[in-house]
Amino acid sequence: MAITPNQAATATALQALGTGTPLYGAVVGQSVAGARQAFDALSGEVHASAVSAAFEDARLPREAILGRLASPYGSIEPLGTDGYVATTAPAAPYGVPGQYALWGQAFGSSGRIGGDGNAATLDRSLAGFALGGEVSPEPHYRIGVAAGYSDSWLSLDARGSSGSIESVFGGLYGGATFGAVRLRGGALYAHDEYNTDRTVAFPGFVYADNKASYGGGTAQLFGEAGYHMDFGRSSLEPYIGALAMNIDTDRFTESGGVAALTGASRSYGFGATTLGIKGEMPLFAALPLVLKGTLGWQHVVGDTTPKALLAFASAPGTSFTIAGAPIARDSALVEANLDWKVNANTAVGLFYSAEIAGKTYDNAIKGKFEVDF
């Protein structure tokens, strides 16, 4: 009766339970539609799709660091106490030797990871923040540390499942300029806590509160190289980027009844490249208000479909592999932000950021502050 790979994997595991077991008896007499509903409900798909969500969650902390390292806009000098005058000379790449800075960014997003006919669509939302501190040992270099927190919420309605991923992250970053060439990059590690809840329901069978809590980690190494071109107080910067990421999940055992699952620990490797262009321009000649934008194309390499190795807790030998909602192979990255230079040492900004790829998308709003001293 199974028509998808996930259904077939679950059906094979159920058949291995054999007659006389509660799950086998609950499914074997179903109609065609009821059997397929049972296979989907019992599959534990949320555990695989949560890895796709973790991949997407890592985007906003990474963007916070790369955005901080991006080249500043043209020099804006204070004029008196109630106005500013803009010069035509670009600012120094990162500041003066020995300059320190603190920055922070709060972000929230809402999005969807589209299903593929095997795995169902996963809805997700996220809130979090990143904080950083840095020093410029000389005008053309910047090194810093960053840390933060995020919490995302997952909903897999077609499988009666929900969950969350709570992450605490930290890492190092740095940037350098060599004439028009701009280099920036960093490394982050996040400790992840997964929490899932499944209601298994099909004709004649309902088991709620199949819950699991387990740990994991997300490590990412990323970088960009750009060629910065000034046009008066405006600029354009074509850039290329690269990303390497590894996501680990710990083993777990769900609480609940006969439908509870166990999951093996797994490791997932991902890589991605980005090609795009950044730009910035002042909105008014006498105000320190600057519009910035980014347009890019991200291509993920390797296997984009996470798979969880599961088994029924009542029969650990019946292991089966379930695929989650796939990570988009190609996606457009769009960002627009407005920066306000409050004074010579302080800036605030508001961002809109999006990742768009057919049935998969993520929309984010971000706010930042920066203080140099």
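**Stop 1: Gly 128**

Select Gly 128 in this predicted model. Gly 128 sits in strand E4, which runs over residues 122-136. Is Gly 128 buried or exposed? Its relative accessible area is 13%, and buried means under 20%, so Gly 128 counts as buried.

Now show what surrounds it. Leaving out residues up to four places away in sequence, Gly 128 touches Gln 105, Ala 106, Phe 107, Tyr 149 and Ser 150. Then add Ser 167. Gly 128 and Ser 167 are 39 residues apart in sequence. Their C-alpha atoms are 9.1 Å apart in space. Keep Ser 167 selected, as it returns at the next stop.

**Stop 2: the largest cavity**

The cavity count, taking those of 30 Å³ or more, comes to 3. Go to the largest cavity, with a volume of about 120 Å³. Its lining has 14 residues. Which of them lie nearest its centre? Select Asp 57, Ala 58, Ser 167, Ala 190 and Thr 218.

Next, colour the elements around this cavity. Helix H4 (46-57), strand E6 (161-178), strand E7 and strand E8 (205-227) each give two or more residues to the lining. Strand E7 provides the largest share, 4 residues.

**Stop 3: Gly 186, in strand E7**

Stay on strand E7 and pick Gly 186. Its relative accessibility is 10%, so Gly 186 counts as buried. Display its contacts beyond four places in sequence: Leu 172, Tyr 173, Gln 220, Leu 221 and Phe 222.

Try a distance here too. Gly 186 and Gly 175 are 11 residues apart along the chain. The separation of their C-alpha atoms is 8.7 Å.

**Stop 4: Asp 209, in strand E8**

Move to strand E8 and select Asp 209. Check its backbone. Asp 209 has a positive phi of about 60 degrees, although it is not a glycine. How accessible is Asp 209? Its relative accessibility is 44%. That value lies between the 20% and 50% cut-offs, so Asp 209 counts as partly exposed.

**Stop 5: helix H5**

Select residues 59-69, which form helix H5. Of its 11 residues, 10 are buried, so helix H5 is largely enclosed by the rest of the structure. Show the side chains of the buried set. Among them are the charged residues Arg 59, Arg 62, Glu 63 and Arg 68. The buried set also includes Leu 60, Pro 61, Ala 64, Ile 65, Leu 66 and Leu 69.

**Stop 6: helix H3**

Select helix H3, residues 32-42. Which of its residues are buried? They are Gly 34, Ala 35, Ala 38, Phe 39, Asp 40, Ala 41 and Leu 42.

Now bring up the partners of this buried set. Two are helices: H1 (5-17) and H2 (22-28). The others are strands: E7 (181-202), E12 (261-263), E15 (307-312) and E16 (320-323). Strand E7 is the one that holds Gly 186.

Step past the end of the helix. Just after H3, Gly 44 takes a positive phi of about 70 degrees.

**Stop 7: the second largest pocket**

Keep helices H1, H2 and H3 in view. Each supplies at least two residues to the lining of the second largest pocket. About 250 Å³ of space lies in this pocket.

Select the lining in two batches. Start with Met 1, Ala 2, Ala 11, Leu 14, Gln 15 and Tyr 24. Then add Val 27, Val 28, Gln 30, Ser 31, Ala 35 and Phe 39. Ala 35 and Phe 39 also belong to the buried set of helix H3.

**Stop 8: Gly 302**

Go to the loop between strand E14 (289-301) and strand E15, and select Gly 302. Its relative accessible area is 49%, and Gly 302 counts as partly exposed. Measure out to Ser 161. The two residues are 141 apart in sequence. In space, C-alpha to C-alpha, Gly 302 and Ser 161 are 27 Å apart.

**Last stop: the whole chain**

Zoom out. The chain has 5 helices and 19 strands. Its C-alpha atoms fill a box of roughly 85 × 35 × 35 Å along the principal axes. Of the 373 residues, 53% count as buried.

Switch on the surface. The accessible surface comes to about 15100 Å², and 64% of this belongs to carbon and sulfur atoms. Colour by charge. There are 23 positive and 33 negative side chains. The centres of the two sets lie 3 Å apart.

Finally, look at contacts between residues at least 6 apart in sequence. Of these, 66% join residues at least 24 apart.

Note on methods: Residues are numbered from 1 along each chain as its sequence is written. This is a predicted model: local features need pLDDT of at least 70, side-chain atom pairs count only at pLDDT 80 or more; totals for chains, interfaces and linings use all residues. Side-chain values use heavy atoms; hydrogens and water are left out. Buried means under 20% relative accessible area, exposed over 50%, partly exposed in between (1.4 Å probe, protein chains only). Contact means heavy atoms within 4.5 Å. Accessible areas come from the Shrake-Rupley method with a 1.4 Å probe; for residues, only the protein chains shown count as cover. The place of a charge is taken as NZ of Lys, CZ of Arg, CG of Asp or CD of Glu. On a 1 Å grid over the protein atoms alone, a cavity is a set of points where a 1.4 Å probe fits but cannot get out, and a pocket is an open set with protein on both sides within 12 Å along at least five of seven lines; lining residues have an atom within 4 Å of a point. Grid points are joined across faces, edges and corners, and a volume is the space filled by probe spheres set on the points.
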